[in-house]
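Work through these short exercises with the structure open. Try each task before you read its solution.

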Amino acid sequence: MKKFLLFSLALISISTFSQSRKKQDWTENVRSSIDPHVKVMLPLGDNFLKDSFDYFYGFGIGGNLNIYKNFGLGVEYTYFLANVKNGDKFGYLGAPSMNNFDWYVFHKDKITEDFFVEKILGYSTYRMKSPYLDNSGKFSEGNGGLNLGVKAIYTIDNEGFQQVVFGTKLNFYNAKIGNQNPDIADYYSKAVFLNFSLAYRYNF
């Protein structure tokens with residue numbers, strides 16, 4: 001009877017230790033980071049945004065949460081400005097500003113001890129505003145679209161808290177503007193942005 005009790009206690013202890021160990025290992029993988037960044041976004045293709053603007057430039061901040069192993073969730077906010085290169089295309093409006101949110105999931109690959117690569121897939125929302133040239137108010141529209149990209153991450157301190165992040169991303173833009181001519185509708189409502197970013201990342 002004593003041998004049976006000792007054997008049962010040993011099994012319970014091993015099981016408890018194993019579960020505790022698994023839980024500890026899972027929580028050790030949960031890490032957060034904050035990324036202040038600057039971005040440049042170039043409109044591509046044959047569309048209204050490409051013909052109206054040179055490029056968008058801006059700054060913002062992002063955050064990431066590594067949830068399980070190498071998978072995580074992230075969000076970025078960027079405030080963009082742009083210069084009008086073709087006033088005839090853009091109409092009776094001044095230079096626009098844009099509020100952009102990128103929501104995404106990511107997978108991180110470790111290349112070396114100091115170098116990592118993140119692959120990203122998500123959804124973007126945009127809110128573009130432009131003042132009327134007679135100062136009578138502002139034109140505003142909201143849009144959305146998928147985003148996908150990759151980030152190269154380099155660690156700059158021995159502890160691994162500080163990193164430099166260079167990213168490139170494709171942002172798909174869909175304003176859903178209707179027109180009887182589908183070619184005109186696509187020209188004014190759809191675009192693709194090539195997005196370049198540089199960020200300082202702090203992990204905690």
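**Exercise 1.** Find the residue that caps the N-terminal end of helix 4.

*Solution.* Start at N181. A side-chain oxygen of N181 lies 2.9 Å from the backbone nitrogen of D183. N181 is thus the cap of helix 4. Helix 4 spans residues 182-189. Helices here are DSSP runs of H or I with at least four residues, and strands are runs of E with at least two, numbered from the N terminus. This is a predicted model: local features need pLDDT of at least 70, side-chain atom pairs count only at pLDDT 80 or more, and totals for chains, interfaces and linings use all residues. Residues are numbered from 1 along each chain as its sequence is written, and side-chain values use heavy atoms, without hydrogens and water.

**Exercise 2.** Which residues of helix 4 are buried (under 20% relative accessible area, 1.4 Å probe, protein chains only)?

*Solution.* Go along the helix. Pick out A185, Y187 and S189.

**Exercise 3.** Place strand 7 among its partners.

*Solution.* Take strand 6 (residues 138-155): 10 bridges join it to strand 7, and the two run antiparallel. Strands pair if DSSP finds at least two bridges between them. Here G144 stands opposite N174. Now take strand 8: 13 bridges join it to strand 7, again antiparallel. There N174 stands opposite K190.

**Exercise 4.** Sort strand 7 (residues 162-174) into a covered and an uncovered face.

*Solution.* In a regular strand the side chains alternate between the two faces of the sheet. The covered face includes V165, K169 and Y173. The uncovered face includes V164, F166 and F172.

Note on methods:
Buried means under 20% relative accessible area, exposed over 50%, partly exposed in between (1.4 Å probe, protein chains only). A polar contact is a pair of N or O atoms within 3.5 Å; within protein, one must be able to donate a hydrogen and the other to accept it, and residues adjacent in sequence count only if both atoms are side-chain atoms.
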